[in-house]
Amino acid sequence: MSEEITEPKILKIPNRLPLFLTDDLVVFPGIISPVAVSDKQQIHIINKTLEDENKLITVALKKPGANGGARLGDPYNIGCVAFVYKMWRMPDETIRMLLQGINRVRIKSIETEKDDIQQAIIENLKDPADDNIRIKALIRTLKDKFGEVIDKQQNLPAELKIAMLNIIEPGALADFIASNLNITVDQRQEILSALELETRLTTILLMLGKELDLVRLGEKIQGEVTESIEKNQHEYFLREQMKAIRRELGEDQENVETKELAERLKELDAPEKVKETAEKEIEKLSRMNPASAEYNVVRTYIDWLLDLPWNISTKDTLKISEAKIILERDHYGLQDVKDRILEYLAVKKLKPDSRGSIVCFVGPPGVGKTSIGKSIAEAMGRKFVRMSLGGLRDEAEIRGHRRTYIGALPGRIIQNIKRAESNNPLFMLDEIDKLGADFRGDPASAMLEVLDPEQNNSFQDNYLELDFDLSKVMFIVTANYLETIPPPLRDRMEIINLPGYVTPEKVQIARRYLVPRQIEQNGLSAGKVSFTDKALEQIIVYYTREAGVRTLERTIGKVCRKIAVDVASGSRKKYKISVKNVKDYLGAPRVSPDLFNRKPRVGVATGLAWTAVGGVMLRIEAISMPGNGKVQVTGRLGDVMKESASIAISYMKAHATEYEIPNEYFKQNDIHVHIPEGATPKDGPSAGVTLTTALASLITGRPVRHDIAMTGEITLEGDVLPIGGLREKSVAAARGHMKMVLCPADNEADLEDIPDIVKEKMEFRFVRSIDEVLNTALLPKQKVKAKKPR
């Protein structure tokens with residue numbers, strides 16, 4: 001039902017009118033605004049208004065409600081008197097009406113009548129007369145900018161521009177623009193509350209500038225989108241025309257491409273399942289638009305299926321004698337490795353379909369773990385591929401990514417098989433002990449399937465989603481440490497330890513391989529440069545300390561580079577590097593030899609330790625001083641070594657009577673045990689024997705033989721338990737010119753692994769108890785001469 005309300009001829013504004021609160025509407029003077037009313041209290045206010053003056057005060061509320069809901073109480077103090085221009089009563093008992101703003105008013109106070117209608121006591125506000133040149137400039141700028149907004153925005157009718165141009169009053173112009181601008185309720189209220197004309201015009205100009213910037217940006221984005229659509233349509237029409245031309249010429253590229261793939265499929269030597277999958281993908285490709293993104297994904301997948309060597313193998317060279325010659329030619333020593341490869345070839349020759357085990361070379365850096373892989377591949381006649389696992393943290397690097405991901409590819413296992421162009425290469429997995437793990441998965445777990453001969457005949461890459469037979473691949477794994485390899489993975493591998501080289505072996509390696517290679521790499525001729533064995537030995541002992549030979553090769557290269565400088569300067573003499581002139585090329589020695597004790601001393605014993613770069617000698621010192629029985633251990637020791645020191649002290653206390661130690665000794669003296677090179681962390685139980693010997697020497701006053709080194713774990717009962725790394729430790733003892741090594745009796749079987757040259761230099765004595773160690777290592781008191789007073 002529509003009710004037309006006749007506007008009174010004279011709009012006289014009384015000083016008291018009903019208050020109509022709004023939460024999303026600001027009415028401006030002279031502007032007609034549509035309003036929908038559903039609240040019963042507000043409908044009651046409207047009905048009361050129509051009965052009386054037909055005018056009311058519209059005021060916006062300040063504070064917005066929670067979660068963007070209706071605004072709460074506390075209205076603004078500036079509102080607008082509005083006349084109910086037209087009203088419709090809807091069937092759902094709501095009201096729709098048009099309010100025409102009349103004038104700004106200030107609310108002085110609000111009173112509530114008996115019928116709960118709020119009445120506002122108001123003050124009528126008039127726009128001040130202001131016609132200065134700044135106001136005129138603002139009016140012109142506003143009209144220009146709002147006219148541009150009307151032109152660019154489709155939701156604003158063109159008639160608004162005509163209406164705007166006919167407005168002369170500056171205040172009315174600001175109200176007109178604010179009512180049609182896309183701004184918030186608070187921004188509209190800010191303009192309504194601006195009583196000074198210049199302030200009102202400046203405020204609306206700032207808001208209009210922001211709106212115009214948004215309109216221009218939207219227009220630019222729309223233009224770019226339209227241009228992109230038009231470009232795609234243009235390209236589509238061009239492609240269709242090119243297809244039509246090719247069809248007329250009989251050169252349909254799509255058919256040619258699918259035909260080529262079909263021909264490659266016919267020649268593919270692969271399992272039936274692979275051929276069926278490739279055939280389906282080729283058929284799928286033929287029905288696809290080359291311009292689609294999916295086309296390249298399918299094409300890449302087909303190329304991988306057709307390029308992989310599913311059934312292509314190289315023929316193994318099974319001549320044991322030739323393989324032995326190649327292995328001996330490229331590497332000195334490493335007899336265990338060479339024997340294992342010859343065993344593999346022998347079994348392969350007798351049983352061609354046998355599955356080989358996974359071999360893991362463990363040893364310090366620079367001993368030839370990686371380089372021997374190439375020699376093994378050459379000896380067997382296989383392709384060689386190498387994959388470094390150091391720092392690998394993503395499981396997808398092993399298994400590949402699923403094709404649903406953009407840019408997906410097979411894992412590095414399959415990629416290297418494709419690069420090898422055969423399904424039985426020698427595959428070297430370098431640095432497996434340095435695999436990592438994070439939120440992307442655990443690569444070590446993915447390697448379980450790869451390195452299991454019982455499972456890897458059906459290895460499934462996430463990208464291919466087809467079984468690939470890895471059982472014919474010979475995997476060789478390298479590592480520096482076994483401890484960081486997960487036990488399930490370690491269980492799948494045959495461990496071969498590559499110990500460090502002793503000095504005579506390094507001399508031979510340098511003479512056979514390193515010196516010739518460095519002479520060639522530095523542009524010198526073999527006839528002009530030579531090294532004596534003694535010179536090489538001096539370089540090894542005094543300028544390098546390592547288990548391998550990398551530093552040795554760099555040091556030899558340094559000598560060759562200095563010679564190259566002389567040769568490039570015109571020198572034609574021959575150069576012979578001997579003990580006398582090594583220092584001229586390399587300077588002062590960088591490493592002091594392990595000659596710790598040149599004479600027997602009390603409280604000082606020589607131990608042996610294993611490190612990643614080979615064996616080293618440990619000097620363990622013990623001193624006592626008056627005190628109350630405290631024991632201090634220093635030298636950056638680990639918990640295990642500290643426990644060994646505690647065991648040694650406890651053993652000596654328990655056997656004080658046997659070694660004629662006074663009962664009050666441990667109460668009246670403090671003991672300090674120290675292992676030099678305090679910046680280097682040290683740990684492990686094998687120093688237990690040496691710690692006990694040093695303490696026994698200190699407490700009994702009996703000196704320790706200076707030519708004996710020892711190793712072994714000790715128990716509280718005095719038993720000597722076996723240790724690891726005896727070969728490396730014995731090499732370190734030989735390097736330090738020791739005459740005897742005391743080691744656990746349970747390590748006697750390890751004597752076979754010790755080089756003959758080391759066994760010739762030293763005596764190995766195997767002991768079962770600490771008493772045997774002390775009886776051998778400690779000298780009687782009277783055999784040590786007292787120091788002469790100065």
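This is a short tour of a predicted model, stop by stop, with something to select at each one.

**Stop 1: the strands early in the chain**

Start by selecting residues 55-60, which is strand E4, together with residues 78-89, which is strand E5. The two run antiparallel and are joined by 4 bridges. Click on Leu 56 and look across: Ala 82 in E5 stands opposite.

Now add strand E6, residues 95-112. E5 and E6 also run antiparallel, with 11 bridges between them. To find one of these pairings, pick Ile 78, whose bridge partner in E6 is Arg 106. Then go to the turn of this hairpin, where 5 residues sit between the strands. Which residue there takes a positive phi? Select Glu 93, with phi near 70°.

**Stop 2: a link between two helices**

Show the side chains of Asp 151 and Lys 161, which meet in a salt bridge at 3.0 Å, N to O. Asp 151 belongs to helix H2 (residues 133-152) and Lys 161 to helix H3 (residues 159-165), so the pair ties together parts that are 10 residues apart in sequence. Asp 151 is exposed, at 53% relative accessibility, while Lys 161 is partly exposed, at 29%.

**Stop 3: a nonpolar patch on the surface**

Move on to Leu 217, Ile 221, Val 225 and Ile 229, and turn on the surface: they make a nonpolar patch of about 340 Å². Val 225 is in helix H6, residues 197-249. With a relative accessible area of 40%, Val 225 counts as partly exposed.

**Stop 4: the nonpolar cores**

In soluble globular proteins, nonpolar side chains tend to be buried together. Here the largest nonpolar core has 53 residues. Try selecting Trp 310, Leu 429 and Leu 451, the ones with the most contacts inside this core. Which helix gives the most to this core? Helix H9, residues 293-307, supplies 7 residues. There is also a second, separate core of 51 residues, which includes Leu 334, Leu 342, Ile 476 and Phe 531.

Zoom in on Leu 429. Leaving out residues up to four places away in sequence, Leu 429 touches a list of residues that includes Met 387, Ile 413, Leu 451, Phe 475 and Ile 476.

**Stop 5: more salt bridges**

The model has 33 salt bridges in total. Stay with helix H9 and pick Asp 303 and Arg 299, whose side chains meet at 3.3 Å, N to O. Being 4 residues apart in H9, these two are separated by about one helical turn.

Next, select Glu 494 and Arg 340, where the closest N and O atoms are 2.8 Å apart. Glu 494 is in strand E14 (residues 493-497) and Arg 340 in helix H11 (residues 335-350), so this salt bridge ties together parts that are 154 residues apart in sequence. Are the two partners buried or exposed? Glu 494 is partly exposed, at 29% relative accessibility, and Arg 340 is buried, at 14%.

Before leaving, select Arg 264, Arg 299, Asp 303, Asp 307 and Lys 418: salt bridges that share partners join them into one network.

**Last stop: a buried arginine**

Finish at Arg 727, in helix H24 (residues 726-735). Its relative accessibility is 13%, so Arg 727 counts as buried, the cut-off being under 20%. What is Arg 727 in contact with, leaving aside neighbours within four places in sequence? Show Pro 499, Gly 500 and Glu 505, then Asp 753, Ile 754 and Pro 755.

Notes. Residues numbered from 1 in each chain as written. Predicted model: local features only at pLDDT ≥ 70, side-chain atom pairs only at ≥ 80, totals over all residues. Heavy atoms only, no water. Buried < 20%, exposed > 50% of the residue type's maximum accessible area, 1.4 Å probe, protein only. Contact = heavy atoms within 4.5 Å. Patch = residues over 30% accessible without salt bridge, like charges linked within 9 Å, V, L, I, M, F, W, Y side chains within 5 Å. Areas by Shrake-Rupley, 256 points an atom, 1.4 Å probe, with all protein chains shown as cover. Salt bridge = Lys/Arg side-chain N within 4 Å of Asp/Glu carboxyl O. Core = buried A, V, L, I, M, F, W, Y, C linked by side-chain atoms within 4.5 Å. Pairing = 2+ DSSP bridges.
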